[in-house]
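Hello,

Please find the structure for your first reading exercise below. My notes follow it.

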Amino acid sequence: MTNFETPNLVIRGFKIFKERLDLNIQNDLISDLREIVKVAPLFSPHVPGGNKMSVKMTSAGKYGWFSDSKGYRYVSRQKNGNNWPQIPNSIMEIWQKFVSLERNPDCCLINYYSKDAKMGMHQDNDEADFDWPVLSISLGDDALFRIGNVEKGGKTDSLWLNSGDIIVMGDEARLKYHGIDRIRSGTSNLLKNGGRINLTLRVVD
Ligand code: MD3
Ligand code: FE
């Protein structure tokens, strides 16, 4: 797997590229995302036990992320039976630049955080091939990101993610626990109504 860019820092195997997307690109991404949510609206996924996540989600690509009483999984159709919209070129180009030209991602998961949203510590292990990394793009308000270990528990490190940051999680980072503790509201004016969007690009099959 080829890697063309050099990270600003590497923490526990997470390669962090600080503010690597300029404002023009960020605004282009937001306008592409506005088209996606028109045909694949954001929803609040269920969590086991009957509650709903504070983060709203939707997806683009061959697969999207879905949850119901039976649990979480990747699905090739939305609840309404439609396919997920295509991953826009603006997003594919970022994968090609930071990960690889050999294979494109099957899923772009779109997470929207309003000011009180958070995401508990979890592993991403529903993909078939952990040799492919996950790429994350942060847009909008700052978020406190926590990185743990491959096993549950233990010491963690935290860092603030800013709009335009990219993280590549491959190799030993791929199965580490991670989460978002909180959003610092009002730190970005990229989104008209505030909040944060995180995109994660994933090879699923
Ligand atoms: C480490 N999202 O969607 S991105 C997620 O900011 C998720 O919305 C967070 O965790 C967010 O699953 C964190 C960083 C991230 C994403 C995927 C990973 C870290 C990861 C997959 C494997 C290991
Ligand atoms: Fe995750």
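Start with one term: a charge sits over a ring if NZ of Lys or CZ of Arg is within 6 Å of the ring centre and within 35 degrees of the ring normal. Arg-184 fits, as it lies over the face of Trp-160, at 3.9 Å from the ring centre. Arg-196 also fits, with its charged end over the ring of Tyr-113 and 5.1 Å from the centre of that ring.

Some ground rules. This is a predicted model, where local features need pLDDT of at least 70, side-chain atom pairs count only at pLDDT 80 or more, and totals for chains, interfaces and linings use all residues. Residues are numbered from 1 along each chain as its sequence is written, chains are lettered from A and ligands numbered from 1 in the order in which they are written, and side-chain values use heavy atoms, with hydrogens and water left out.

Now helix 1. Helices (H or I, at least four residues) and strands (E, at least two) are DSSP runs, numbered from the N terminus. Helix 1 covers residues 23-39, which is 17 residues. From first C-alpha to last it reaches 25 Å, close to the 24 Å expected at 1.5 Å a residue. (The expected span is 1.5 Å times one less than the number of residues.)

Which residues of helix 1 are buried? They are Gln-26, Leu-29, Ile-30, Leu-33 and Ile-36. Buried means under 20% relative accessible area, exposed over 50%, and partly exposed in between (1.4 Å probe, protein chains only). The buried residues cover an arc of only 120 degrees around the axis, so they are on the same side of helix 1. (The arc is that of the directions from the helix axis to the C-beta atoms.) On the other side, Asn-24 and Lys-38 are exposed. Among the elements that cover the buried residues are strand 3 (56-61), helix 2 (89-98) and strand 13 (196-202). At the start of helix 1, a side-chain oxygen of Asp-22 comes within 3.1 Å of the backbone nitrogen of Asn-24.

Next, Asn-162. It is in the loop between strand 10 (157-161) and strand 11. Its relative accessibility is 17%, so it counts as buried. Its side chain makes polar contacts with two others: Lys-18 at 2.9 Å and Asp-142 at 3.1 Å. (A polar contact is a pair of N or O atoms within 3.5 Å; within protein, one must be able to donate a hydrogen and the other to accept it, and residues adjacent in sequence count only if both atoms are side-chain atoms.) Leaving aside neighbours within four places in sequence, Asn-162 is in contact (heavy atoms within 4.5 Å) with Lys-18, Glu-19, Ser-138 and Asp-142.

Then the rings. How many aromatic pairs does the structure hold? It holds six. (Rings of Phe, Tyr and Trp, the last by its six-membered ring, pair if their centres lie within 6.5 Å; planes under 30 degrees apart count as stacked, over 60 as edge-to-face and the rest as tilted.) Trp-65 and Tyr-74 form an edge-to-face pair, 4.9 Å centre to centre with 65 degrees between the planes. Both residues are buried. Ring pairs link Trp-65, Tyr-72 and Tyr-74 into a cluster.

Last, two backbone angles. Arg-12 is not a glycine, yet its phi is positive, about 50 degrees. Asp-171 also has a positive phi, near 50 degrees, and is not a glycine. Arg-12 is partly exposed at 23%, whereas Asp-171 is exposed at 61%.

Best wishes
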